Amino acid sequence: MSKKIYLFSLVLLALTFTACSETEEAGRYDNWRARSEAFIDSIANVYAGQQNGSITVTDEKERLYPFTDLTNGQTIYAKKRIRIDGVKDEDKPLYTSKVSAYYRMSYFNGDVVQQNFAGTEPDEFFDVPSEFLLNEVITGWGYTLTKMAEGEFWTLYIPYQSGYGSGTGSDGSLQAYSALVYDVKLDKIVER
């Protein structure tokens, strides 16, 4: 009887070691493309949901708005955190304009990739905006900024097709197929 218990214990121990050695821990960026697509799909579902349509004026900064990327038909969603009413189209930048803006680019999981301000909102005394031509940045960002007025602060949800696509950046520092979240404040139109 003791040989059977000993043999059973030995087999159980061997199975335990085998099971442990075959288990791999999931990486932070495993299955990244599917997770990026699922994130944008979840934002689209929130936009289409009844709750988004019933947001009151006092909670307006939580409402989602859709914008179409004219190069590929992808939908970019935005929350207008600081909004300026009564702005005319001629007060907004053109796609060929040079602008000054504060921004934070993050992956959908919250990892910050690039930023030029550190707090929850830009601080004009401590943070320095970046200048760039709208037609030289990713299309999801460039087209959406043409809808903004100076001083507005939005959060953008950009699908990977309107971001960096399957690219990883010139220095290889970006994850391919990344849905991006941009917090952006349009400081001013430098050149129309």
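**Close-up views of aromatic and buried residues**

**Figure 1. Confidence along the predicted model.** The protein chain of this predicted model has an average pLDDT of 87, and 86% of the residues reach at least 70. Among the elements of the protein chain, β6 has the highest mean pLDDT, 97, and α1 the lowest, 55. Where pLDDT is low, predicted coordinates should not be read in detail.

**Figure 2. The aromatic pair of Y29 and Y107.** The model holds 15 aromatic pairs. In one of them, Y29 and Y107 meet edge-to-face, with 6.0 Å from centre to centre and 75° between the planes. Y29 belongs to the loop between α1 (2-22) and α2 (32-48), and Y107 to strand β3 (residues 98-107), so this pair ties together parts that are 78 residues apart in sequence. The relative accessibility of Y107 is 5%, so Y107 counts as buried. Y29 is partly exposed, at 29% relative accessibility.

**Figure 3. The aromatic pair of Y160 and Y177.** Y160 and Y177 form an edge-to-face pair, with a centre to centre distance of 5.2 Å and an angle of 85° between the planes. Both Y160 and Y177 lie in the loop between β6 (153-158) and β7 (180-191), so the pair ties together parts that are 17 residues apart in sequence. Y160 has a relative accessible area of 8% and is buried, whereas Y177, with 26%, is partly exposed.

**Figure 4. A cluster of rings that includes Y29 and Y107.** Ring pairs join Y29, W32, F39, Y107, F108 and Y157 into a cluster. Two of its members, Y29 and Y107, are the edge-to-face pair of Figure 2. Of these two, Y107 is buried and Y29 is partly exposed.

**Figure 5. The charged end of K80 and the ring of Y65.** K80 places its charged end over the ring of Y65. The distance from this charged end to the ring centre is 4.3 Å.

**Figure 6. The surroundings of T144 in helix α4.** T144 is part of helix α4, which spans residues 139-145. With a relative accessibility of 0%, T144 falls under the 20% limit and therefore counts as buried. Leaving aside residues up to four places away in sequence, T144 touches F67, I76, W154 and L156.

Technical notes: Residues numbered from 1 in each chain as written. Predicted model: local features only at pLDDT ≥ 70, side-chain atom pairs only at ≥ 80, totals over all residues. Heavy atoms only, no water. Phe/Tyr/Trp six-rings, centres within 6.5 Å; stacked < 30°, edge-to-face > 60°. Helix = DSSP H or I, 4+ residues; strand = E, 2+ residues; numbered from the N terminus. Buried < 20%, exposed > 50% of the residue type's maximum accessible area, 1.4 Å probe, protein only. Lys NZ or Arg CZ within 6 Å of the ring centre and 35° of its normal. Contact = heavy atoms within 4.5 Å. pLDDT = per-residue confidence, 0-100.
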